[in-house]
Amino acid sequence: MSGSNYRRSLGTIALTATGLGSIIGSGWLFGAQKAAVIAGPAAIFAWVIGAVVALVIALSYTELGSMFPEAGGMVRFGQYSHGSLTGYLAAWANWIAIVSVIPGEATASIQYMSSWSFGWTHGLYNAGSGQLTFTGVAAATVLMLVYFALNWFAVSLFAKTNTAITVFKLVIPTLTVVGLLVTSHHTSNLTSAGGFAPKGVSAVFTAVATSGIVWAFNGFQSPINMAAEARNPKRSLPIAVLGSIAIALVIYIGLQFAFLLGVSPTTLAHGGWSALNFSSPFADLASALMLNWLAILLYADAFVSPSGTGMTYAATTSRMIHGVQRNGHLPGIFGKVDPRTGVPRPALLLNLGVAFVFLAVFRGWGSLASIVSVATVISYVTGPVAVAVLRKLAPELHRPVRIKALPLLAPLGFVFGTLVLYWAKWPLTGEVILIMAVGLPVYAFYEWKNGTQLGQNLKSGAWLVCYLVWMAFISLVGGKEFGGLGWLPAGVDIAVVVISGLAFYYWGYNSGWLNPALLEAKRIAAEDGDTVDVGA
């Protein structure tokens, strides 16, 4: 297997910690407030919906990841099922989504510190503009350098550091939930300030797409991207992926309840949920309730939680770059793995440079969270199609994890992803889809250079290109509650999106072909071992 210098040193606990460490990052520090601002108390349901969407889609990727336990697997599966165009678009969306998380986590840490009692920290963040100051950007830069330094030397160092950090990241949110609920439980908040769902059901869906919920649960793919370093991917991947989503959901629901009940009714009386603007939501609540011990822990965790996630994504994005290079769309140097440490150092350096660009352009957590979430959804939708296509084209491939209900879950996962993309609201959907087009010149250059079967690749990838264009159009003309022109009445727009999702799923399903990458995958796939059935 290419990239054999990777060392199989990660066990089930380390992989689960990788997934959970990716999910419990800056999302828990800011997500509860942003979801409440968008949807009010009904934000509780947004977390449940987000977890269900992630779970259904994750099942597809779990089967794929166990079939192909290789570095950066998330950017390889579309190439196996449909050839280079689909593979490239999926990889581009996935990489943009994941690499931008790294500056997002660093930004979250610095933004959280800005409300600390020490005077010098107040100059790190401008609440009016929602962006870090020059000093704040400099501090975030230092944090990112730390993330990459911890990944530079060895996978074992990463695993030990990340597992320890993940334990800390579980303890602090738990203490936060208990501390706030015991001290402040204004149950009237659930029905006051406009009621349980002050902005309607549509706001709950928008919260799923843009408040950091998709950002948070996106962490399920970290164990898949590091499957090449798993000692026993057949056993570890299902536990790591599904377990991390389930544990995180419990924590996030508890945090959302604690936030909703912890806000003072007096604060809500001045503008309701949409007027909340805490720089450091949970720390500010703890300070107001005189829980100084909790506030101190939260400020400490403002470094630990995002930093743990940032460190994890620094690791997984380097494996993704390796996968993109193996797809044939990057220079060969980015596929090199240091034989002594098992670390893809050139890929780490490339991602560090790109992360610096994102930090310079998007200097606030909120703006990064929205963009990352939409790009993530675009990358999600290829997985359910790819796993179904490979069932059809390569049924003989060994599947250590086989999802029993895949014929139902695959189209359902695609429709779920399509709905979340629509819920993100215009113009954000159009803006991120436009970013997808930015990468096409790179694709065209390497296709011309590599002399591949361009016609067949374009034919097999046409469904995904048309899907993105169509979804941008539907978002533009859709319901006003989702930012559109209102040409489609409420309810009708959702029906159109669901039908569109099913139509494009089956177009994609019928577009797969036995391409060179799939022939290579047959050589890579494991040929022995027992199959683990997952699902009903």
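In which helix does Y252 lie? The points below address this and related features of the model, which is a predicted one.

1. Placement of Y252. The residue Y252 belongs to helix α12, which covers residues 233-262. Y252 counts as buried because its relative accessibility is 2%, and buried means under 20% relative accessible area.

2. Y252 and T174. Along the sequence, 78 residues separate Y252 and T174. In space, the distance between them is 9.8 Å, taken from C-alpha to C-alpha.

3. Nonpolar surface patch. Four residues, V167, V171, L175 and W293, make a nonpolar patch of about 350 Å² on the surface. Helix α8, residues 155-183, gives the most to the nonpolar patch, contributing three residues.

4. Placement of W293. One of the patch residues, W293, is found in helix α15, which spans residues 292-326. W293 has a relative accessible area of 43% and is therefore partly exposed, since this class lies between the limits of 20% for buried and 50% for exposed.

5. Largest pocket. The largest pocket holds about 350 Å³ of space. Its lining consists of 16 residues, and those nearest the centre of the pocket are Q33, Q111, Y125, N277 and G366. Two elements, α2 (26-39) and α17 (365-380), give two or more residues to this lining. Helix α2 gives the most, with four residues.

6. Character of the lining. How many residues in the lining of the largest pocket are nonpolar, polar and charged? Seven are nonpolar, eight are polar and one is charged.

Technical notes. Residues are numbered from 1 along each chain as its sequence is written. This is a predicted model: local features need pLDDT of at least 70, side-chain atom pairs count only at pLDDT 80 or more; totals for chains, interfaces and linings use all residues. Side-chain values use heavy atoms; hydrogens and water are left out. On a 1 Å grid over the protein atoms alone, a cavity is a set of points where a 1.4 Å probe fits but cannot get out, and a pocket is an open set with protein on both sides within 12 Å along at least five of seven lines; lining residues have an atom within 4 Å of a point. Grid points are joined across faces, edges and corners, and a volume is the space filled by probe spheres set on the points. Ala, Val, Leu, Ile, Met, Phe, Trp, Tyr, Cys and Pro count as nonpolar, Asp, Glu, Lys and Arg as charged, and the others, Gly among them, as polar. Patches are made of residues with over 30% relative accessible area and no salt bridge: like charges are joined within 9 Å, nonpolar side chains (Val, Leu, Ile, Met, Phe, Trp, Tyr) within 5 Å. Accessible areas come from the Shrake-Rupley method with a 1.4 Å probe; for residues, only the protein chains shown count as cover. A salt bridge is a side-chain nitrogen of Lys or Arg within 4 Å of a carboxyl oxygen of Asp or Glu. Buried means under 20% relative accessible area, exposed over 50%, partly exposed in between (1.4 Å probe, protein chains only).
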